[in-house]
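Let's take a walk through a protein structure together. Keep the 3D view open and turn it around as you read.

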Amino acid sequence: MSDTLIISDLHLSQHRPDTVALFLHFLRERACGAGELYILGDLFDAWIGDDNILPPVPEVVQALRQLTDGGCKLSVMHGNRDFLLGSDFARATGGKLLPDPFVADLGGETTLLMHGDLLCTDDLEYQQARKLLRSPEFIRDFVSRTIEERVQLAAEYRRRSGEVVSLKSADIMDVNQQTVERYMREYQVRRLIHGHTHRPALHEFQLDGTPAQRYVLEDWHEQTGSYLLVDNQSIRQEAFS
């Protein structure tokens, strides 16, 4: 079995050139030797539509295409920042878009993959905003605007989101354990992997009397990132710099 790599929350943008460079280096030097790469949301800090060709989109898409042309499978899940990733992006990169949640066989164990925002059910304001932003009406109106208008709207949304987050307690923005267990029961799994919260950790607990694990992926920074490595012997987090 080839290695499977899992990452999330890179938040690539033209304002984070070092993180973009780190990710491109990761694709060339590490991911190219893997069997599959899962990106569980927020690859981009904002995705304003598949017709966007502003930096760093072209170089990232090209690098992902080189990865898949080299034989590595690519699976991408929407995040709360890049939920507008569409079929044109998938075709251009040679990858596939995953629903959230998604069940995968990783190292012989059925595993639930999620971005993670659906688990933060204590943040009622966010969950309401999530429904609005992903509604067909909002999306239709947003993508009908010019690239320049969309860039400005996305920047304004990020600014407002940052202000709101600064006023919320850390507990409200973290996952709800009961929600975690509900999803795991629904999909009949004992292992869950997600990102979104930027709180990397391994949580071990009992689910209906059976050991269960929840892996939280780390967000990437200018000089360092990390990935979850799954093979037929183990699952572990490894750093990349």
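We'll begin with the whole chain, then visit some annotated residues, and finish with a few backbone oddities.

First things first: what you're looking at is a predicted model. The chain folds into 8 helices and 11 strands. Its radius of gyration is 18 Å, close to the 18 Å that the globule rule gives for 241 residues, so the chain is as compact as a globular protein of that length. If you drew a box around the C-alpha atoms along the principal axes, the box would come to roughly 55 × 45 × 30 Å.

How much of the chain is tucked away? Of the 241 residues, 49% count as buried. On the outside, the chain exposes about 11,700 Å², and carbon and sulfur atoms supply 50% of that area. There's also a lot of long-range contact here: take the contacts with a separation of 6 or more, and 67% of them are between residues 24 or more positions apart.

Now for the annotated residues. UniProt, in an unreviewed entry, places a "binding site" feature at Asp42, Asn80, His115 and His196. These residues are spread over 155 residues of sequence, yet they cluster in space, with a largest C-alpha distance of 8.2 Å. From this set, Asn80 is part of the lining of the largest cavity. The record also gives a "binding site" feature at Asn80, Arg81, Asp123, Ser161, Lys168 and His196.

Let's zoom in on His115. You'll find His115 in the loop between strand β6 (109-114) and helix α4 (124-133). Is His115 buried or exposed? Its relative accessible area is 0%, so it is buried. Beyond its neighbours within four places in sequence, His115 is in contact with a whole crowd of residues, including Asp9, Asp42, Asn80, Asp100 and His196. With Asn80 there is something extra: the side chains of His115 and Asn80 share a polar contact of 2.8 Å.

Follow that polar contact across to Asn80. Asn80 sits in the loop between strand β3 (73-77) and helix α3 (87-93). Asn80 is buried too, because its relative accessible area is 13% and the cut-off for buried is under 20%. Leaving aside residues within four places in sequence, Asn80 is in contact with Asp42, His115, Asp117, Tyr126, Arg134 and His196.

That brings us to His196, in the loop between strands β7 (191-194) and β8 (201-207). With 17% relative accessibility, His196 counts as buried. Not counting residues up to four places away in sequence, His196 touches Asn80 and His115, and also, among others, Ser8, Asp9 and Tyr126. So which residues does each of our three stops touch? His115 lists Asn80 and His196 among its contacts, Asn80 lists His115 and His196, and His196 lists Asn80 and His115.

For a contrast, look at Ser161, which is in helix α6 (residues 147-166). At 23% relative accessibility, Ser161 counts as partly exposed.

Next, a stop at another serine. Ser226 is in strand β10 (residues 225-230) and counts as buried at 4% relative accessibility. Its side chain makes a polar contact of 3.0 Å with the side chain of Glu218. Apart from residues up to four places away in sequence, Ser226 touches Ile7, Glu218, Trp220, Gln237, Glu238, Ala239 and Phe240.

Finally, the backbone oddities. Most residues other than glycine have a negative phi, and most peptide bonds are trans. With that in mind, check Asp9 in the loop between strand β1 (4-7) and helix α1 (17-29). Asp9 has a positive phi, near 60°, and is buried at 1% relative accessibility. His196, which you've already met, has a positive phi as well, about 80°, although it is not a glycine.

Where are the cis peptide bonds? One runs from Pro55 to Pro56, with omega near 5°, and Pro56 lies in the loop between strand β2 (36-40) and helix α2 (57-69). Another joins Asp100 and Pro101, with omega about 10°. Pro101 is in the loop between strands β4 (96-98) and β5 (102-106). Asp100 should ring a bell, as one of the residues in contact with His115.

Notes. Residues are numbered from 1 along each chain as its sequence is written. This is a predicted model: local features need pLDDT of at least 70, side-chain atom pairs count only at pLDDT 80 or more; totals for chains, interfaces and linings use all residues. Side-chain values use heavy atoms; hydrogens and water are left out. UniProt positions are given in the numbering used here, feature names are shortened, and annotations may be inferred rather than shown by experiment. On a 1 Å grid over the protein atoms alone, a cavity is a set of points where a 1.4 Å probe fits but cannot get out, and a pocket is an open set with protein on both sides within 12 Å along at least five of seven lines; lining residues have an atom within 4 Å of a point. Helices (H or I, at least four residues) and strands (E, at least two) are DSSP runs, numbered from the N terminus. Buried means under 20% relative accessible area, exposed over 50%, partly exposed in between (1.4 Å probe, protein chains only). Contact means heavy atoms within 4.5 Å. A polar contact is a pair of N or O atoms within 3.5 Å; within protein, one must be able to donate a hydrogen and the other to accept it, and residues adjacent in sequence count only if both atoms are side-chain atoms. The radius of gyration is taken over C-alpha atoms; the globule rule is 2.2 Å times the number of residues to the power 0.38. Accessible areas come from the Shrake-Rupley method with a 1.4 Å probe; for residues, only the protein chains shown count as cover.
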